[in-house]
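Colleague: Please take one part of this model and go through it closely for a first-year student. I would like the aromatic rings first, and then whatever connects to them.

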Amino acid sequence: MEAAGGSREGSPKEEEEEEEKKEKEETEPTPTPTPRIPVSAAMGDAAQQEGLLQAAAYVYDAQYNRNIPFETSPKAIRLYYLYNHWSMQAATYFFIFVDLALALFEEPAVYLLPFLVTSLVEVLCLLVFFGRLVHFAQVTPRNVFWKDTKNICIMISILVTLIDLIVYGALRISAIRGIRWSRPLRPVFLINFAESRQIRRAFRSIRNTLPEITYVFLLFMFSVLMFSLMALKLFGDRNLKTVEGSPYFTNYLEIVFNMYVLVTTANSPDVMMPAYDFSWWYCLFFIVYVIINTYIFMSVFLAVVYNNYRKHLKNEIRKLAYMKRRKMIEAFNLLKVKEGAEFVVKEDQWKRLVKLVAPDISTSHRELLLRISDEEQKGCVDKKSFIRLADLLNIQVITIKLHSHPLDIWFPHVYNSTPSLFIRSMVRHKGFVWMYDIIILINAVFIALDEKNPYISYAEWVFLCLYIVEILLKLYTYEPRTFFARNQFWNWFDTSIIIAALIATVLNTTLRSVTIYNSQQVLDIVFILRVLRLIRIIDSIQRFRVIMNTLINIMPTMLTFGGLVLVVYYIFSIVGMEIFQGKVKFFAGNTTTQHALYCGNPALKDSTFARAKYCKNNFNNIASSFIVLMELTVVNQWHVIASGFALVTHQAAKLYFIIFHIVIVIMIVNIFIAFILEAFFVEYSLEKSEVETAIEKKIQELGVGIQEDELLDGKLLDNMETSENDLGGEEGTATKKKLKGLMFKIASKRYRTVDALLQRMFEAEIPPEEEGPSLDQILNLSPDDAYPKAPVFDNAA
């Protein structure tokens, strides 16, 4: 929206008044009357503040890739800020966790609590979820709210859970055993609240992949059924026996199950041995089967999942790129004024906006961003520079101020003497690092040797002393605040490990010398701390360091799939407990009861499940259920577990385990692999983005750049700025004064999420002058849609 009075020429008197206002703003920043609304000054200030709040909301959403539509009234915007506040989001996740954790205390329970207690806690959680939903309804347009499937799912889940609680409570009062059939719906709250958009995206990846993977799966099952029929005809009439003495390949459904298990290689070569013993020619049947179904079809599954995942991820990221650009344009339109032939955002408005969106960054950091956005120092920011503000705010910049080592201040003659300079140069030399790498490797050999040998025990004290000397020498060479800066992870790690090992070793030696006391727990801690020292070698080898940093950077986005697996595990655990609880029981090792030999169920007598002592693998509580599902995910011996539970219930129970294998191993694990591949390739090989390069370029132009090696060499001291310790000047001082005496560097070469990395790639395809679809069109965007002058979306299957 164009400013109403942006290009109006004022009288000399008005210009003089305007100059006085500007001088006042330099020392006392107050909201200036917006030229967009031709009303009174007081009403103008209010309108300007409302526009600023709305623009800040748009920029904040663009910064964190949120696409929540919200009302633009002042009340709705303030409610929207409250909705997105970290405390509100943390409270939502806390009650979601409490709701999911109720399964620990409900029958069958790990720690049983009365039904009244668990039901009251669940009702409290439902009230919180309903309140969160009502809050969301207050900030979202009504027509959008009621069309959103997420909101409908939450409301239905709340209603169904309340009905289930009432019915189940009534049945308990009547002494009738009921089933809490609403408990599998609890993960719905984790998935469908706005904060969990990453988990929803993972579920959308599964949904979008299903059509393609279904055809491959049907062809795969056809192959399994055909080979099973051939196995029946080849081996069914030869009176062969399995190792347990049962008929070999005489029941078609049992053959299908065994052949499906063979695809996972869990029963190989056991399933082949009776036929192989009869004639070595029959091994060719199983070899051909494994090649076709295990190696070819499983690879095709991964290829289909990976291809569809990339295609739909690209569409979603492009949608996010459009949304971010659209929101930044909306923010620009709210604040723009006309300067000459183009629209711009005034410097004071830009500063207020940044202060609202990122209140924690320092004044000097804000001035640096302004110098990047307003390269020609016109006192305003143009549209192109304004649009990339969200990306600028996502790049972490460290502000550094020149300091001296405390010893250089207290004892300058001693610290700068020839022996001191020699020691410091020696510590800075790469040979010092190599020497300690060799010491670590020698220490690894000693750790593997017999601890009871006294010479080995004394050697550990020698190594510990060497590590302490290393830390002291580094603290002598590098200024302590530099050495223990927040971004110096390995220095913190080394020092923590050495101090903890020293305390644990001294404590253990003291206790053993004073008394007969020998704490195995303390010894275990000492051993673990010694082994952890070896991790330090990773930081010394550049290739190791690059790979580890890449894995650390993609770790937050990997948690998305942790949430996805949690949801699937939880649903299968609840269903498994309802089907299998109490069917298998575990007895302690010292029990003498006869039931312990077959897990408390005669149906398991002489079974492989009982002989393998799998009795603790049961569904008698949710903790045990999660462990069983983890074992099924690993695949090895999963057919033994499935057969055991089929014996105590019905053969149809094997379908539960087959479905779990299809959902987790074939679908989710393959999607997870596709995600890791894509994330790792992008994170490992992506060059620095245009925005990050602009920051580094401007830092160098201003002559306030600092390289990492210079920082580690102790030439500068790292003084991280906070809102309480602001190294810049006052708001109205000149930029040069703000940046005087300061140095800057990029804290991280990578974006916070893989989404942001991919988004930078796809944003390059959008022309700078292209505004893209409107917000409403973007919200309803599908992969089949294409817009003129916009990148063409891939057609989704």
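Modeller: Ring pairs join Y569, F572, F580, F609, Y614, F619, F626, F645, Y656, F657 and F660 into a cluster. The model is a predicted one, and the count of aromatic pairs in it comes to 48. One of these is the pair of F257 and W638: the ring centres are 5.9 Å apart and the planes stand at 70 degrees, an angle over 60, so the pair is edge-to-face. F257 belongs to helix 10 (residues 252–263) and W638 to helix 29 (residues 638–648), so this pair ties together parts that are 381 residues apart in sequence. F257 and W638 are both buried.

From W638 we can look at what comes before helix 29. The loop between helix 28 (622–634) and helix 29 holds V635. V635 is not a glycine, yet its phi is positive, about 85 degrees. V635 has a relative accessible area of 11%, which is under 20%, so it is buried. Another residue with a positive phi is Q377, at about 55 degrees, and it is not a glycine either. Q377 sits in the loop between helix 14 (363–373) and strand 3 (380–382). With a relative accessible area of 52%, Q377 is exposed.

From F257 we can turn to helix 10 and its neighbour. Two packed helices are described by the angle between their axes and the distance between the axes. For helix 9 (residues 197–235) and helix 10, the axes come within 9 Å and cross at roughly 125 degrees. Helix 9 and helix 10 are therefore oblique to each other, and their crossing is right-handed. On the helix 9 side the contact is made by F220, M221, V224, L225, F227, S228, L229, A231 and L232, and on the helix 10 side by Y252, I255, V256, M259, Y260 and V263. Sorted by class, this contact has 14 nonpolar residues, one polar residue and no charged residues. Past helix 10, in the loop that leads to helix 11 (273–278), lies P269. The peptide bond between S268 and P269 is cis, with omega of about 5 degrees. A cis peptide bond also joins E107 and P108, with omega of about -10 degrees.

A second helix pair can be set beside this one. The axes of helix 20 (residues 430–448) and helix 21 (residues 454–477) come within 11 Å and cross at roughly 155 degrees. Helix 20 and helix 21 are therefore roughly antiparallel to each other. Here helix 20 passes helix 21 in a left-handed crossing. By class, the contact of helix 20 with helix 21 has 14 nonpolar, one polar and three charged residues.

One more link between distant parts involves V188, in helix 8 (residues 187–192). V188 and V567 are 379 residues apart along the chain, and their C-alpha atoms are separated by 8.5 Å. Leaving out residues up to four places away in sequence, V188 touches C153 and S157. V188 is buried, with a relative accessible area of 17%.

As for the whole chain, it has 35 helices and five strands. Of its 797 residues, 45% count as buried. Among contacts in the chain with a separation of 6 or more, 75% are between residues 24 or more positions apart.

Terms used. Residues numbered from 1 in each chain as written. Predicted model: local features only at pLDDT ≥ 70, side-chain atom pairs only at ≥ 80, totals over all residues. Heavy atoms only, no water. Axes fitted to C-alpha atoms, helices over the stretch in contact; angles between N-to-C directions. Helix = DSSP H or I, 4+ residues; strand = E, 2+ residues; numbered from the N terminus. Parallel < 35°, antiparallel > 145°, perpendicular 65-115°, else oblique. Left-handed = near helix turned anticlockwise from the far one by under 90°. Nonpolar A, V, L, I, M, F, W, Y, C, P; charged D, E, K, R; others polar. Phe/Tyr/Trp six-rings, centres within 6.5 Å; stacked < 30°, edge-to-face > 60°. Buried < 20%, exposed > 50% of the residue type's maximum accessible area, 1.4 Å probe, protein only. Contact = heavy atoms within 4.5 Å.
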